[in-house]
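Reader: Please take one part of this model and look at it closely, then work outward to the contacts and empty spaces found elsewhere. I would like the numbers kept with the residues they belong to.

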Amino acid sequence: AAVTEVLSRMSQPLDYGSLSEAQRLTALADLIADPECEIPERDGLSPGTREILAVFGVIASLREEISPKVFGEYVVSMTHTASHVMEVMCLGRFAGLVGQDNGEWFAHLSVSPLFETIEDLSHVDDVLPRLLSNEVYQNLLKASGNLQEIMLGYSDSCKDGGIVASSWNLYEAQRKIDLETFQ
């Protein structure tokens, strides 16, 4: 919702909610890659969106004030699409955590998609190839050490489908990651 609101108030407004997944990935990649991209005035944004943007501002401030290692992975719970991860990167871009500086990519924010429920686990073989084949995301990943953490949730999948279904779907998700994503 925060990304949708921010993009609707850009100098060239975008109806993010009406875009297909492929269009969302393109729009987000373009925003992240654009060194001139400016966030709209925060005063006109909803309190919830301002709060989310403030969280990314705090991450940026604490990295500078305390240590670049002050935060680990930003976990995206209930990841259903690659755009869920790219939305976090876009919000990070608005806080100066990711992007380009003099043509060089930087990424001070690492995102870990979390596939928790049986349904989430079934999305692994669609989400990861889309995400990892996105050129902008590839550049951000390289800039942050070229390591992608992926989380598979056993607790919610067990609650969702029972222990046998959970175990099977976790196994299948791991197999899909091994066989399809990284070839």
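Author: Ala 22 belongs to helix α2, which covers residues 21-33. This is a predicted model, and the values given here are computed from it. With a relative accessible area of 44%, Ala 22 is partly exposed, because that class runs between 20% and 50%. Ala 22 also has a partner far along the chain: 60 residues separate Ala 22 from Ala 82 in sequence, while their C-alpha atoms are 9.3 Å apart in space.

From there, the helix that covers residues 82-94, α4, leads to the largest pocket, whose lining takes two or more residues from each of α1 (2-8), α3 and α4. The space in this pocket comes to about 210 Å³. Its lining has 13 residues, and those closest to the centre are Ala 1, Ala 2, Val 3, Glu 87 and Leu 91. Helix α4 supplies the largest share of that lining, four residues. Sorted by class, the pocket lining consists of nine nonpolar, two polar and two charged residues.

Helix α3, one of the contributors to the pocket, also takes part in an aromatic contact. The structure has one aromatic pair. Its members are Phe 56 and Tyr 74, with ring centres 5.4 Å apart and planes at 20° to each other, and the pair is stacked. The pair counts as stacked because its planes are under 30 degrees apart. Phe 56 is in helix α3 (residues 47-65) and Tyr 74 is in strand β1 (residues 74-76), so the contact ties together parts that lie 18 residues apart in sequence. The two rings belong to residues with unlike exposure: Phe 56 is buried, at 1% relative accessibility, whereas Tyr 74 is partly exposed, at 27%.

Another ring contact involves a charge. The charged end of Arg 24 is placed over the ring of Tyr 16, at 4.6 Å from the ring centre.

Charged side chains also meet directly. Side chains of opposite charge can pair when their charged atoms come close. The structure holds one salt bridge, and it joins the side chains of Arg 130 and Asp 126 at 3.2 Å, N to O. This contact counts as a salt bridge because its N to O distance is within 4 Å. Both residues are in helix α6 (residues 124-132), where they are four residues apart, about one turn of the helix. Arg 130 is partly exposed at 34% relative accessibility, and Asp 126 is partly exposed as well, at 37%.

The remaining item is enclosed space. There is one cavity of 30 Å³ or more, and the largest cavity has a volume of about 70 Å³. It is lined by 13 residues, of which Ser 110, Val 111, Tyr 137, Leu 141 and Ser 144 are the closest to its centre. Helix α7, residues 135-143, gives the most to this lining, with three residues. By class, the cavity lining has eight nonpolar, three polar and two charged residues.

Note on methods:
Residues numbered from 1 in each chain as written. Predicted model: local features only at pLDDT ≥ 70, side-chain atom pairs only at ≥ 80, totals over all residues. Heavy atoms only, no water. Buried < 20%, exposed > 50% of the residue type's maximum accessible area, 1.4 Å probe, protein only. 1 Å grid on protein atoms, 1.4 Å probe; cavity = no way out; pocket = protein on both sides within 12 Å on 5 of 7 lines; lining within 4 Å. Points joined across faces, edges and corners; volume = space filled by probe spheres on them. Nonpolar A, V, L, I, M, F, W, Y, C, P; charged D, E, K, R; others polar. Phe/Tyr/Trp six-rings, centres within 6.5 Å; stacked < 30°, edge-to-face > 60°. Lys NZ or Arg CZ within 6 Å of the ring centre and 35° of its normal.
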